[in-house]
Amino acid sequence: GGGGDSPRLASTGAAKSMMVHGAEFFGEDAEIDVLNDPELGMDAVWFFGDLNYRLDLSRREAETMLSTVRDIRSVARALRRKQRRDKHEGVDAPELEPVIKQQEKKARRILEEMQAYDQLGAQRCAGLAFRGLCEGPIYFEPTFKFDPGSDTYDSSSKQRVPSWTDRILFRRRSVRGGVKTSVLKYESLRYAKHSDHRAVVAVFEVALTLKPNPNPNPNPNPNPSTYPNPNPNPNPNPNHNPNPNPYANLNPQGLGDRARRRGARWRRYA
């Protein structure tokens, strides 16, 4: 956080922190609106963590859709490997990039269809949770629940429905203006298989619009010749030295005596 007109940032990753920072996340009975109050709100807000929202789909429906996504992306990866191999070997092969992009579009459309059953999306659209926050497009597979160490979704007796439980939300624009946040990348780490969740990462760009200074010359006394003189008794002649010879006050005889004594000591130790 911060004070004054400087940009203020806030991020939290736990539901307990959400309770502390503002009850408006949970409904209309909020007493303090941290997100939308110009005085209390932050200029940039991120909220992330295991939010535990699920998909309102059956396990069979979710698995069927995800199986199609994986098959499509497997074909796209094979085409990309062939493209790199042909380029490395100098083979004159047809351009595969348009086909690869078309395959990825098919996979994304299926994931968008699944997100229509996402509980978090439904709550946000109804204004019941996380008002004022938005989320980047989700083009990665559900991040929960995996058998640790594999790409297999929950094979236990519970057979949990694959869901996007791990999310990163943010506020796009500051309430007070001058700050705009946009997401550049939003993805899961497919190869981090040590947990029953897949980690989610995001990259953001925060643009600050600086307001021009209405008074570019804040000095109330712009005329230097009228500045108050800090020295009440200035020297009328700054180059004048009342004692130009720094050795004038020294006793030549005394200086000679000291020199002779030092010479005697040097001869004694030589």
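## A walk through the predicted model

Of the contacts between residues at least 6 apart in sequence, 67% join residues at least 24 apart. Keep that in mind as you click around, and remember that what you have open is a predicted model.

**Start with the whole chain.** Colour by secondary structure and you should find five helices and six strands. Trace them from the N terminus and the order reads β-α-β-α-α-α-β-β-β-β-α. Now switch on a surface: the accessible area comes to about 18,200 Å², and carbon and sulfur atoms own 53% of that. Of the 270 residues, 30% count as buried.

**Select His197.** You'll land in the loop between strand E5 (179–188) and E6. Is His197 buried or exposed? His197 is buried, because its relative accessible area is 17% and the cut-off for buried is under 20%. Show the neighbours and leave out anything up to four places away in sequence: His197 touches Asp50, Thr143, Phe144, Thr165, Asp166 and Ala192. While you're here, pull a C-alpha to C-alpha distance to Trp164: the two residues are 33 apart in sequence and 9.5 Å apart in space.

**Step from Phe144 to Lys145.** Phe144 is one of those His197 contacts, and the peptide bond from Phe144 to Lys145 deserves a zoom. Which way round is the peptide bond from Phe144 to Lys145, cis or trans? It's cis, with omega near 0°. For context, most peptide bonds are trans. Lys145 itself lies in the loop between strand E3 (134–135) and strand E4 (166–170).

**Stay on Lys145 and add Asp196.** These two form a salt bridge, with the closest N and O atoms 3.2 Å apart. The pair links distant parts of the chain, since Lys145 is in the E3–E4 loop and Asp196 in the loop between E5 and E6, 51 residues apart. Their exposure falls on either side of a line: Lys145 counts as buried at 16% relative accessibility, whereas Asp196 counts as partly exposed at 22%.

**Next, Asp151 and Arg198.** Here's another salt bridge, with the closest N and O atoms 3.0 Å apart. Asp151 sits in the E3–E4 loop and Arg198 in the E5–E6 loop, so this pair ties together parts that are 47 residues apart in sequence. Arg198 is buried, at a relative accessible area of 3%, while Asp151 counts as partly exposed at 35%.

**Then Arg160 and Asp154.** This salt bridge has its closest N and O atoms 3.2 Å apart. Arg160 is partly exposed, with a relative accessible area of 21%; Asp154 is buried, at 3%.

**Pick Arg73, Glu104 and Arg108 together.** What links Arg73, Glu104 and Arg108? A network of salt bridges does. If you want to hunt down the rest, the count for the model comes to 12 salt bridges.

**Check two backbone oddities.** Put up a Ramachandran plot and look for Gln159 and Phe130. Gln159, in the loop between E3 and E4, has a phi near 50°, a positive value in a residue other than glycine. Phe130 has a positive phi too, near 55°. Most residues other than glycine have a negative phi. You'll find Phe130 in the loop between helix H4 (119–125) and E3. Compare their surroundings: Phe130 is buried, with a relative accessible area of 3%, whereas Gln159 counts as partly exposed at 35%.

**Go back to the surface for the charges.** Select Arg77, Arg81, Arg84, Arg85 and Arg190, and colour them blue. What do Arg77, Arg81, Arg84, Arg85 and Arg190 form on the surface? They gather in a patch of positive charge. Arg77 is found in helix H2 (residues 59–89), and Arg77 is partly exposed, with a relative accessible area of 37%.

**Finish on something greasy.** Select Val206, Leu208 and Leu210, which make a nonpolar surface patch of about 310 Å². Leu210 belongs to the loop between strand E6 (200–208) and helix H5 (252–269). Leu210 counts as exposed because its relative accessible area is 74%, against a cut-off of over 50%.

Note on methods:
Residues numbered from 1 in each chain as written. Predicted model: local features only at pLDDT ≥ 70, side-chain atom pairs only at ≥ 80, totals over all residues. Heavy atoms only, no water. Patch = residues over 30% accessible without salt bridge, like charges linked within 9 Å, V, L, I, M, F, W, Y side chains within 5 Å. Areas by Shrake-Rupley, 256 points an atom, 1.4 Å probe, with all protein chains shown as cover. Salt bridge = Lys/Arg side-chain N within 4 Å of Asp/Glu carboxyl O. Lys, Arg positive; Asp, Glu negative; His and termini not counted. Charge placed at Lys NZ, Arg CZ, Asp CG, Glu CD. Helix = DSSP H or I, 4+ residues; strand = E, 2+ residues; numbered from the N terminus. Buried < 20%, exposed > 50% of the residue type's maximum accessible area, 1.4 Å probe, protein only. Contact = heavy atoms within 4.5 Å.
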